[in-house]
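Visitor: I am new to this structure, and I would like a close look at one part of it. Please choose a stretch that is worth a careful visit, and then show me what else there is to see.

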Amino acid sequence: MKRLVLAVILLASCGKTTPPPEESPLVALAAKATALQPELVAIRRDIHRHPELSGAESRTAGVVAERLRALGLEVRPGVGGHGVVAILRGGRPGPVVAYRADMDAVRGDEPPGREYGSTVPGVQHVCGHDVHTAIGIGVAGVLASVRERMPGTAVFLFQPAEENIQGAEAMIRDGAISDPRPDVIYALHSFPFPVGTVAQGAVFAGLDQFTLELTGEHSTQEVGQRVLTSLSRLGTVAPLKSAEQVAPHLADLQRPDSAYATAVYMNVKLGAAGNGNVLVRGSVKAGADAMYPRLRQAVKELVERELGATGYQLSFRDSVFPSMASDPRVTAEAAPALVEAIGEENVLSIHRTHIYSGEDFALFLQRVPGTMFLLGVANLERGILGAPHFPDFDVDEESILVGTKAMSAVVWQRLSQG
Ligand SMILES: [Zn+2]
């Protein structure tokens, strides 16, 4: 208060009027995001009504390309399949900042009765990629509105085939991050945190997979079931199946001392090979990548103990798919923009591996420093749990505005830092 009085006296003595306080550029970005919100909701609903499986995202990619061309971006379609790369060049020099959104849907039928429900039998957006795509278009729209004063270059990567973890690799092979080469990359994923919040510093588990084909007299359902039961015991955590299980999981992810760093998630299923032999298929997810060699060894030893040396063929995927670990430095550098955009009370921090999902954004992070944010999409009062891959998955669409504001701010701040 004293300083303020002094300032007033000084200004009065100089005979000058008080200059207006300089407005943060993020205020204008937020206003633009708000103006775009109805259109972004419409885009999300349109994509939601027309979901496309991994590798088949032609319509979605067409919608994206058309919108981005209308915004004046340089658009390159067909990158790594149906991927779209769009470049927004600012009016001033600066760094190259990439933003990635995924576009594909998954198999399944959503609950009937939604006004924007899927029109494609057996295909649905239950991972929020329709929301991610709408937000990606939103961020492009916000930044395009200030392109003359924008430093640097924003590169938007709309990725196909995330669910089968093939799209990122295909886009990278096709030059998506070669020209221009990003200095940093961001992405976001829907998550069952409350709408209004964004969590920073996401870590998603890697993936190992094995196939055990039982041959000869071992090839029976009984033996398969017995081995499946034993292999399942290598897991230390059970899948999340209900709202009651989601809440403690969210709390654990934010606790540095929770046990997820050493957790193992085993998903083992019985099937049949083309020749009729019984197949045991497993996927293994670990709290840390360093655990996979030991887990492979444990699977081999267990199978040998159960079945002996012959009467089966056990094979693993060529190499373990890496975990997606946000870069702590990039995460910390983005925090001020995130706080300014959505309020400190709405910024959460992830400290442990989310073990139930992988993310092929991992492959971008192997090449470019970056971080993934988790967008709160839940609204329990409205019955929206917001847990991806739950059959009744839906989002509070207010999250589209929150995500667009937050990501526009993060990208703008990084572009402004040179
Ligand atoms: Zn997803």
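Guide: Let us begin with a term for how much of a residue is reachable from outside: a residue is called buried under 20% relative accessible area, exposed over 50%, and partly exposed in between, using a 1.4 Å probe and protein chains only. You are looking at a predicted model, in which local features need pLDDT of at least 70 and side-chain atom pairs count only at pLDDT 80 or more, while totals for chains, interfaces and linings use all residues. Residues are numbered from 1 along each chain as its sequence is written, and side-chain values use heavy atoms, with hydrogens and water left out.

For our close look, I suggest the loop between strand 16 (370–378) and helix 11 (398–416), where His389 lies. Helices and strands here are DSSP runs numbered from the N terminus, with helices (H or I) having at least four residues and strands (E) at least two. His389 has a phi near 75 degrees, a positive value in a residue other than glycine. Most residues other than glycine have a negative phi. With a relative accessible area of 43%, His389 is partly exposed.

The loop also takes part in salt bridges, each of which is a side-chain nitrogen of Lys or Arg within 4 Å of a carboxyl oxygen of Asp or Glu. Side chains of opposite charge can pair when their charged atoms come close. One such pair is Asp396 with Arg382, whose closest N and O atoms are 3.3 Å apart. Both partners sit in our loop, 14 residues apart. Their surroundings contrast: Asp396 is buried at 7% relative accessibility, whereas Arg382 is exposed at 56%.

Asp394 reaches beyond the loop. Its side chain meets that of Arg114 in a salt bridge, 3.8 Å from N to O. Arg114 belongs to the loop between strand 4 (106–107) and strand 5 (123–124), so this pair ties together parts that are 280 residues apart in sequence. Asp394 is buried, at 11% relative accessibility. Both residues belong to a network of salt bridges that also links Arg44, Arg45, Glu110, Glu115, Asp130 and Glu397. The full count of salt bridges comes to 19.

For another pair, visit helix 9 (residues 328–342), where Arg329 and Glu333 lie 4 residues apart, about one turn of the helix. Their side chains form a salt bridge of 3.1 Å, N to O. Arg329 is partly exposed at 48% relative accessibility, and Glu333 is partly exposed too, at 33%.

Two more loops have backbone details to find. Ala161, in the loop between strand 6 (151–159) and helix 5, has a positive phi near 50 degrees although the residue is not glycine. Ala161 is buried, at 7% relative accessibility. Further along, a cis peptide bond joins Asp179 and Pro180, with omega about 0 degrees. Most peptide bonds are trans. Pro180 is in the loop between helix 5 (167–173) and strand 7 (184–194).

Now step back to the domains, whose bounds come from an automatic or database domain assignment. That assignment gives domain 1 (25–204 + 323–416) and domain 2 (208–239 + 256–316). Their C-alpha centres lie 34 Å apart. Counting a contact as heavy atoms within 4.5 Å, 8 residues of domain 1 touch 14 residues of domain 2. Buried area is the accessible area (1.4 Å probe) that two parts lose on being put together, summed over both. For these domains this area is about 990 Å², 57% of it on carbon and sulfur atoms. On the side of domain 1, Arg352, Ile355 and Tyr356 lose the most area, together 67% of what that side buries.

What is the count of salt bridges between domain 1 and domain 2? The count there is 0.

Finally, inside helix 6 (residues 221–232) you can find Ser230. Ser230 is buried, with a relative accessible area of 11%. Apart from neighbours within four places in sequence, Ser230 is in contact with Leu302 and Glu306.
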